[in-house]
Amino acid sequence: MKKLTTLTLSILALTLLGCEEIILEDSDTTDNNISVHNGSIPILKDPVGSYVDLSEYLYPKELTIDKTFYFQKVYNYAQTSSNTFTEAPAISQRSYTKVINDDVTRITEYKDGREQKYDDIKQFKILLYEDNKIIKEYPVRVAKNSVVSDTAENEVQEVCVVVYIGDIDLSTTTYLPIFVRNDLLNNQLKTENDNFIPEQFSFDDIMHIYCGTSDNHTSDTYYSRKYGSVLKLQKDIDKSLLKVEVTDVLSVVN
């Protein structure tokens, strides 16, 4: 059983534009926002700032209860050694469904038509399930650098924090390893998507969730308020191996 602890922290000032839009200060690199200890676990800081609805970022904005939302192309790269990626990525389809039952909204995610996981969104929390077991619990309301999950299992602790919200170009080598970036820009996307444009990697509203464990595993997931998850990087630091998942947001069929 996983032990769940809810913590809420935040840093940096939030600027309100009008009554609804929230704009946060940008940083040059994600590393500037992350401090770690005890393996790769983020250092916790005092809460500051306003809050946003996390559920508005985790899933595609246009996801409705009457149809399935599809990304036809999701690219998965994996390192086979510390300096070598697989020559060609695995390409899969990701899709979502949405069901509302009383005060609970269930979002189910599929890979190539097979269920992968589902989330139950309640008034104050989001429960993440895999194999019908809760793997994480996120608060609905978060601010920059909020701790969204703190779990422990088999003496391994994992902490996930919101470390970035704002405008960002994910195509730079700050976020994409050079091989992945070059392969996407010069090969895969031009082949798989006739409407490819480099600007598809630039987003005007991104939430970055960083997870680190006490045994040196990390994951960085970047969520667009329009599309949900658009980039995920998972790293085994001890072995220097990285997995990269990139969503082609122009491959939407809805």
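**Entry 1: the disulfide**

I looked up the torsion of the Cys160–Cys211 link: the angle about the S-S bond is 110 degrees, and the link is right-handed. Cys160 lies in strand S16 (residues 156-169) and Cys211 in strand S17 (residues 202-213), so the disulfide ties together parts that are 51 residues apart in sequence. The model is a predicted one, and I read the angle as a value of that model. The sulfur atoms of Cys160 and Cys211 are 2.0 Å apart. I then counted disulfides in the structure and noted one.

Next I checked accessibility at both ends. Are Cys160 and Cys211 buried or exposed? Cys160 has 0% relative accessibility, so I entered Cys160 as buried. Cys211 has a relative accessible area of 3% and is also entered as buried, because the cut-off for buried is under 20%.

**Entry 2: strands S18, S19 and S20**

I moved on to strand pairing. S18 covers residues 217-224 and S19 covers residues 228-236; the two run antiparallel and are joined by eight bridges. I looked up one bridge of this pair and found Ser224 partnered with Gly228 in S19. The connection from S18 to S19 is a hairpin of three residues.

On to the pairing of S19 with S20. S20 spans residues 241-247, and its pairing with S19 is antiparallel, with six bridges. For Leu231 I noted Val246 in S20 as the bridge partner. This pair also forms a hairpin, here with four residues between the strands. In that turn I looked up the backbone of Ser240 and found a positive phi of about 55 degrees.

**Entry 3: the second largest cavity**

I searched the whole structure for cavities of 30 Å³ or more and got three. I followed up the second largest, which holds about 60 Å³ of space.

Which residues line the second largest cavity? I listed Leu170, Leu176, Phe201, Phe203, Val230, Leu231, Val246, Thr247 and Val249. By class, eight lining residues are nonpolar and one is polar, while none is charged. Thr247 goes down as polar, because Thr is not among the residue types that count as nonpolar or charged.

I compared the lining with the strands of the previous entry. S19 and S20 each supply at least two residues of the lining. Leu231 and Val246, which I had noted as bridge partners, both appear in the lining list.

Methods:
Residues are numbered from 1 along each chain as its sequence is written. This is a predicted model: local features need pLDDT of at least 70, side-chain atom pairs count only at pLDDT 80 or more; totals for chains, interfaces and linings use all residues. Side-chain values use heavy atoms; hydrogens and water are left out. Two strands pair if DSSP finds at least two bridges between them. On a 1 Å grid over the protein atoms alone, a cavity is a set of points where a 1.4 Å probe fits but cannot get out, and a pocket is an open set with protein on both sides within 12 Å along at least five of seven lines; lining residues have an atom within 4 Å of a point. Grid points are joined across faces, edges and corners, and a volume is the space filled by probe spheres set on the points. A disulfide is a pair of cysteine sulfur atoms within 2.5 Å. Buried means under 20% relative accessible area, exposed over 50%, partly exposed in between (1.4 Å probe, protein chains only).
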